[in-house]
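Let's take a friendly walk through this structure together, starting with charged side chains and ending at a helix. Keep the model open beside you as you read.

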Amino acid sequence: MGDTFEIRAPFGCFTFTEGRGGRICLIGGGSGVTPLRAILRYICDRRVPVEAVLLDFNRSEEDIVFRQEFQGMPAAHAGVKVHFALTNPGPGGMVGRIRAEVLEQALQGFAPEVVYLCGRPPMMEATEDLLIARGLRPEQIETEVTD
């Protein structure tokens with residue numbers, strides 16, 4: 001009793017533009033996956049003709065928000081693929097924070113036309129550097145920072 005907390009309204013201007021690219025990649029860390037979920041829901045619900053790869057970074061399996069929903073998305077839309085990378089994985093999971101090897105393991109030759117990136121600044125900066133080293137131009141990378 002006596003605890004106080006702050007409630008804030010949604011913020012940001014992270015939006016999916018239908019028709020901007022036929023191959024998209026969505027990369028999120030922790031709660032940064034929330035706007036990516038909205039994009040993927042839109043794609044699945046409207047059957048948008050795109051290929052989409054989600055790469056979701058978390059500490060452990062218990063930290064994955066929307067896990068069941070994400071795992072069901074490939075059945076709802078054949079063009080959607082979902083990958084989880086964990087700092088503390090169980091057996092057989094993708095390991096670690098963002099780095100070239102993890103990105104390549106998730107994309108497996110997939111060449112996105114647009115990347116939607118949301119998370120904390122250090123993760124986003126490292127990811128942007130990797131994407132640019134992979135050949136993407138900065139204007140192909142849409143970003144939204146989480147607190």
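## Charged pairs and a one-sided helix

Glu-142 counts as partly exposed, at 27% relative accessibility. Please bear in mind as we go that this is a predicted model. The partner to look for is Arg-20, whose side chain meets that of Glu-142 in a salt bridge, with 2.5 Å from N to O. Where do the two residues sit along the chain? Glu-142 belongs to strand β6 (residues 141-145), while Arg-20 lies in the segment before β1 (23-29), so this pair ties together parts that are 122 residues apart in sequence. Arg-20, like its partner, falls in the partly exposed class, with a relative accessible area of 35%.

That contact is part of a wider set: searching the whole structure turns up seven salt bridges. Another one to find on your screen joins the side chains of Glu-69 and Arg-37, at 2.7 Å from N to O. Here the link runs between two helices, with Glu-69 in α2 (residues 67-76) and Arg-37 in α1 (residues 34-46), and the two distant parts of the chain are 32 residues apart. Are these two side chains buried or exposed, or somewhere in between? Glu-69 is partly exposed, with 26% relative accessible area, whereas Arg-37 counts as buried at 18%; the cut-off for buried is under 20%.

Now turn to Glu-139 and Arg-137, whose side chains also meet in a salt bridge, this time at 2.8 Å from N to O. Glu-139 is partly exposed, its relative accessible area being 49%, and Arg-137 is partly exposed as well, at 46%. Going back to Arg-37 and Glu-69, there is a further residue to add: salt bridges with shared partners join Arg-37, Arg-41 and Glu-69 into one network.

Let's finish with helix α3, which spans residues 100-107. Which of its residues are buried? Val-102, Leu-103, Ala-106 and Leu-107 are. If you look down the axis of α3, these buried residues fall within an arc of 125°, so they line one face of the helix. The general geometry helps here: an α-helix has 3.6 residues a turn, so residues three or four places apart point the same way. Finally, step just past the end of α3 to Gln-108, and you will find a positive phi of about 40°.

Note on methods: Residues numbered from 1 in each chain as written. Predicted model: local features only at pLDDT ≥ 70, side-chain atom pairs only at ≥ 80, totals over all residues. Heavy atoms only, no water. Salt bridge = Lys/Arg side-chain N within 4 Å of Asp/Glu carboxyl O. Helix = DSSP H or I, 4+ residues; strand = E, 2+ residues; numbered from the N terminus. Buried < 20%, exposed > 50% of the residue type's maximum accessible area, 1.4 Å probe, protein only. Arc of directions from axis to C-beta.
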